[in-house]
Amino acid sequence: MPLTPSHLTQITSSTLGHYESEAVPYWEGTRDHDVRQNIDTMLAHIAGTPPLTILDFGCGPGRDLKTFTALGHRAIGLDGAAAFVEMARVNSGCEVWRQDFLSLDLPPVLFDGVFANASLQHIPAQELSRVLHSLHATLKPRGVFFASIPHGDDQAVWNEARYSCFHSPAQWAAVVTASGFDEVTHFFRPTNAPKQDQRWLASVWRKRD
């Protein structure tokens, strides 16, 4: 059955509440994660002239904002957790917007790339297309969208207080394609792990004009 507005509010408040309460341990546990393969793959497919304007969608405490800035780009972060927004501003020196993923207010045609690393799984499946259309609208013509999601069998689960959707690769591709994007490439991570341990699907998409 479709999720009601009250269900969506509960999902958002519970998931963000978890990240608010675990903000410091989360930063300590993820600050050294190496996602340069994801960053480099997205940047390699953007046709614009540097410095590029990048939206880090679900930026958390700001680890990847620091990387984009160090590479010479203009990075703007977005997160729904107030603690993460403040940490990201301090850690990166970047502009960071506090926005609920289900209530986005994004400027049109601003970004060369949208980087959504381990964030879109928190969006209920019935709302995903709407969110992807918002990301499509905020990209410049031929802009690039990168996503890394934990893939699965198209089921929704609660992990402690966090809500997540695990999309199959086929269903993920169908939804993103229908939202106005053409696939550029995809790969599974960790790249050197056995197939059964490659829990993350990374994909690069170009805005279809």
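A residue counts as buried here when its relative accessible area is under 20%. Thr 15 comes out at 6%, so it is buried. Keep in mind that this is a predicted model. Thr 15 sits in helix H1, which covers residues 5–21. Leaving out residues up to four places away in sequence, Thr 15 touches His 122, Trp 158, Ala 161, Arg 162 and Tyr 163.

Two of those contacts take us to a hairpin. Strand S6 (residues 155–159) and strand S7 (residues 162–166) run antiparallel and are joined by five bridges. Trp 158 has Tyr 163 in S7 as its bridge partner, and Thr 15 touches both of these residues. Two residues lie between the strands of the hairpin, and Glu 160 takes a positive phi near 55°.

Now for the open sheet. Its seven strands come in the order S3-S2-S1-S4-S5-S9-S8, and the pairing is mixed. Strand S3 (95–98) and strand S8 (181–189) are at the edges; each has a single partner strand, so one side of each has no neighbour in the sheet. On average, neighbouring strands are turned by 15° against each other, direction ignored. Strands of a sheet pair through backbone hydrogen bonds, in either a parallel or an antiparallel way. For strand S1 (residues 53–57) and strand S4 (residues 111–117), the sense is parallel, with three bridges. One bridge to look up is that of Asp 56, whose partner in S4 is Phe 115.

Helix H3 (residues 36–44) packs on this sheet, where it touches S1, S4, strand S5 (139–150), S8 and strand S9 (200–207). The direction of H3 makes about 160° with that of S8. Within H3, the buried residues are Asn 38, Ile 39, Thr 41, Met 42 and Leu 43. They pack against S1, S4, S5, S8 and S9, and also against helix H4 (63–70).

Back in strand S1, have a look at Phe 57. Is Phe 57 buried or exposed? With a relative accessibility of 0%, Phe 57 counts as buried. Its C-alpha atom is separated by 5.8 Å from that of Phe 115, although the two residues are 58 residues apart along the chain. Beyond residues up to four places away in sequence, Phe 57 touches a list of residues including Leu 78, Phe 101, Leu 104, Val 114, Phe 115, Leu 120, Val 131 and Leu 135.

That leads straight into the largest nonpolar core, which has 28 residues. Leu 55, Phe 57, Leu 120, Phe 145 and Trp 172 have the most contacts inside it. Two or more residues each come from S1, strand S2 (74–79), S4, helix H6 (125–138), S5, helix H7 (169–178) and S9. Setting aside its neighbours within four places in sequence, Leu 120 is in contact with Phe 57, Val 131, Phe 145, Ala 147, Ile 149 and Trp 172. Another core lies apart from this one; it has 21 residues, among them Val 35, Phe 68, Val 144 and Val 204.

Finally, the pocket. The largest one has a volume of about 990 Å³. Of its 46 lining residues, Tyr 26, Asn 117, Ala 118, Gln 121 and Trp 200 are the closest to its centre. Two or more lining residues each come from H1, helix H2 (23–30), H3, H4, S5 and S7. Which element gives the largest share of the lining? That is H1, with five residues, the helix in which Thr 15 lies.

Terms used
Residues are numbered from 1 along each chain as its sequence is written. This is a predicted model: local features need pLDDT of at least 70, side-chain atom pairs count only at pLDDT 80 or more; totals for chains, interfaces and linings use all residues. Side-chain values use heavy atoms; hydrogens and water are left out. Two strands pair if DSSP finds at least two bridges between them. Helices (H or I, at least four residues) and strands (E, at least two) are DSSP runs, numbered from the N terminus. Axes are lines fitted to C-alpha atoms, for helices over the stretch in contact, and angles run from 0 to 180 degrees between N-to-C directions. Contact means heavy atoms within 4.5 Å. A nonpolar core is a set of buried Ala, Val, Leu, Ile, Met, Phe, Trp, Tyr and Cys residues joined through side-chain atoms within 4.5 Å. Buried means under 20% relative accessible area, exposed over 50%, partly exposed in between (1.4 Å probe, protein chains only). On a 1 Å grid over the protein atoms alone, a cavity is a set of points where a 1.4 Å probe fits but cannot get out, and a pocket is an open set with protein on both sides within 12 Å along at least five of seven lines; lining residues have an atom within 4 Å of a point. Grid points are joined across faces, edges and corners, and a volume is the space filled by probe spheres set on the points.
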